[in-house]
Amino acid sequence: MADMSKEACLKDVVVNGKPCDCDIIADCKVGDMVPLEVKLTNRSKNAVGPFALTIIPFQDYQNGVHNYDLQDAVTFIGSNTFYIETVNPTENSICVGALLFLYTGDFYLNIKFQDDNSGRELPLAWFCLPSVHIKALDPTL
């Protein structure tokens, strides 16, 4: 894979039908399916891939502790890992999934890339996806 600039990838994250970034808190109701979409646009001059995109939920207790042991609080409908073969220049790859929150609370999603080829590196911008903040609310509110 060719060397790419930091601007090589445009990332869009949509939670529950609304664009989401690190400054926006997405609301959902406990027990409702929460659609999640991550769109990657290759702005480089070269095709990139293969690689995997993994979404990892956690809770941040605001005291330096992150809880990743959430199998009883949040589940994925389908997989939390998406395998992307190739993204050609100016094209995009859209990873679509869904979450189900079982308890109320503030949750975050880390979106991470894994490159299976250790002989090359994805550009740093591809590893800088923001954590997505989701507030799971009581369904009666």
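The legends below describe four close-up views of a predicted model.

**View 1. The stacked ring pair of Phe-58 and Tyr-108.**
Three aromatic pairs are counted in this predicted model. In the pair shown here, the ring centres of Phe-58 and Tyr-108 lie 5.4 Å apart and the ring planes stand at 20 degrees, so the two rings are classed as stacked, given that planes under 30 degrees apart count as such. Phe-58 belongs to strand β5 (residues 51-60), whereas Tyr-108 belongs to strand β10 (residues 105-115), and the pair therefore ties together parts that are 50 residues apart in sequence. Both of these residues, Phe-58 and Tyr-108, are buried. Ring pairs also bring in Tyr-68, so that Phe-58, Tyr-68 and Tyr-108 are linked into a cluster.

**View 2. Asn-110 and its surroundings in strand β10.**
Asn-110 is found in strand β10, the strand that also holds Tyr-108 of the stacked pair. With a relative accessible area of 14%, Asn-110 is buried, and its side chain is joined to the side chain of Tyr-68 by a polar contact of 3.3 Å. When residues up to four places away in sequence are set aside, Asn-110 touches Thr-54, Ile-55, Ile-56, Phe-58, Tyr-68 and Ser-131. Two residues in this list, Phe-58 and Tyr-68, are also members of the aromatic cluster.

**View 3. Asn-67 in strand β6 and its contact with Tyr-61.**
Strand β6 (residues 66-67) contains Asn-67, which has a relative accessible area of 18% and is therefore buried, the cut-off for this class being under 20%. Between the side chains of Asn-67 and Tyr-61 there is a polar contact of 3.0 Å. Leaving out residues up to four places away in sequence, the residues that Asn-67 touches are Phe-58, Gln-59 and Tyr-61. Phe-58, which appears in this list, is the residue whose ring is stacked with that of Tyr-108.

**View 4. The two faces of strand β3 and its pairing with strand β11.**
The side chains alternate along strand β3 (residues 25-29), with Ala-26 and Cys-28 pointing to one face, where they are buried, and with Ile-25, Asp-27 and Lys-29 pointing to the other face, where they are not buried. Strand β3 is joined by five bridges to strand β11 (residues 132-137), and the two strands run parallel. Within this pairing, Cys-28 stands opposite Ala-136 of strand β11, and Cys-28 is one of the side chains on the buried face of strand β3.

How values were computed
Residues are numbered from 1 along each chain as its sequence is written. This is a predicted model: local features need pLDDT of at least 70, side-chain atom pairs count only at pLDDT 80 or more; totals for chains, interfaces and linings use all residues. Side-chain values use heavy atoms; hydrogens and water are left out. Rings of Phe, Tyr and Trp (its six-membered ring) pair if their centres lie within 6.5 Å; planes under 30 degrees apart count as stacked, over 60 as edge-to-face and the rest as tilted. Helices (H or I, at least four residues) and strands (E, at least two) are DSSP runs, numbered from the N terminus. Buried means under 20% relative accessible area, exposed over 50%, partly exposed in between (1.4 Å probe, protein chains only). Two strands pair if DSSP finds at least two bridges between them. A polar contact is a pair of N or O atoms within 3.5 Å; within protein, one must be able to donate a hydrogen and the other to accept it, and residues adjacent in sequence count only if both atoms are side-chain atoms. Contact means heavy atoms within 4.5 Å.
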